[in-house]
Amino acid sequence: MIPARIQCDGGGEGRAAGRSWRRARGVGRATAHRQRASHHKMSFRAREMYKKVVRRVGGDGKLPAELMKSVKDMLPDSKVVMGRAKRGIFAGRHIQFGNKVSEDGGNKSRRSWKPNVQEKRLFSYIHDCHIRVKVTTQALRCIDKAGGIDEYLLKTPYNKMDTEMGIAWKAKIEKMYSELAEMEVGFFPPEEEAKIEQGFDEVRAAKRDFRREARRALAKQGQLELRSW
């Protein structure tokens, strides 16, 4: 990462500092220029997250350049993220600002457009349960097109996930899928499968009978209370 003093200072002292920095790092002028250009292409949020990663691992020089480049590619490249978007899946839809122009005098007044956010229950096959999450209508269309919430998280690259929650959720889904791939699956003969299915049917029938008896008991208790009145 190029120091801010070297980037902003255009005088002889800045050029000398830049040459000393390049000599210390062992890079040429063209390499330093590419590093500076790639650093400026990152959005403010991506730069801040990149700085956090660098601080945690102990600086730029502690890890190979290829690994740090892959880290940059995984960071979100969106410039602004709403606070609400950090608690859901917005698929790139955020608050927008503009002017409301009156028809008579053309007077302008500031206004904002907020995304259409819905709270939905989405079924996750990897978790085998419904997940209640706040999503935009754009995100719902993307999830339907992908085939489900799990497939949407797997197909969406890391740099397209707008928030840290989306990155963590995607990493968790990938980890669970990799664990499932390593599991050994056992198959039963047809006779054993028939016995297992029969056992499940008996359990379901017992539950139905128990619920039926409970409803009859409640009905009798209600009748007795009405008679007592």
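Phe 200 sits in helix α9, which spans residues 190-228. The model is a predicted one. At 49% relative accessibility, Phe 200 counts as partly exposed, because that class ends where exposed begins, over 50%. Together with Phe 188 and Ile 196, Phe 200 makes a nonpolar surface patch of about 310 Å².

Helix α9 also holds charged pairs. Arg 212 and Asp 209 both lie in this helix, three residues apart, or about one turn. They form a salt bridge, with the closest N and O atoms 2.8 Å apart. Arg 212 is partly exposed, at 34% relative accessibility. Asp 209 is partly exposed too, at 39%. Salt bridges that share partners also join Glu 197, Asp 201 and Arg 204 into one network. Within this network, the side chains of Arg 204 and Glu 197 meet at 3.5 Å, N to O. Arg 204 has 40% relative accessibility and counts as partly exposed. Glu 197, at 42%, is likewise partly exposed. A search of the whole structure finds five salt bridges.

Another of these bridges belongs to helix α8. Here Lys 170 pairs with Glu 174, and their closest N and O atoms are 3.3 Å apart. The two residues are four apart in helix α8, about one turn. Are these partners buried or exposed, or in between? Lys 170 has 3% relative accessibility, so it counts as buried, the cut-off being under 20%. Glu 174, at 30%, is partly exposed.

Lys 170 leads on to the interior. Leaving aside neighbours within four places in sequence, Leu 153 is in contact with Lys 170, and also with Met 161, Trp 169 and Ile 173. Leu 153 and Trp 169 are among the residues with the most contacts inside the largest nonpolar core; the others are Ile 89, Leu 122 and Val 135. This core has 18 residues. Which elements give two or more residues to it? They are β5 (129-136), α6 (137-146), α7 (149-155) and α8 (164-182). Helix α6 gives the most, with four residues. In soluble globular proteins, nonpolar side chains tend to be buried together.

Now turn to a pair of strands. Strand β2 covers residues 96-101, and strand β3 covers residues 108-113. The two run antiparallel and are joined by six bridges. Asn 99 stands opposite Arg 110 in β3. The hairpin of β2 and β3 has six residues between the strands. In this hairpin, Gly 106 takes a positive phi near 70°.

How values were computed: Residues numbered from 1 in each chain as written. Predicted model: local features only at pLDDT ≥ 70, side-chain atom pairs only at ≥ 80, totals over all residues. Heavy atoms only, no water. Pairing = 2+ DSSP bridges. Patch = residues over 30% accessible without salt bridge, like charges linked within 9 Å, V, L, I, M, F, W, Y side chains within 5 Å. Areas by Shrake-Rupley, 256 points an atom, 1.4 Å probe, with all protein chains shown as cover. Salt bridge = Lys/Arg side-chain N within 4 Å of Asp/Glu carboxyl O. Buried < 20%, exposed > 50% of the residue type's maximum accessible area, 1.4 Å probe, protein only. Core = buried A, V, L, I, M, F, W, Y, C linked by side-chain atoms within 4.5 Å. Contact = heavy atoms within 4.5 Å.
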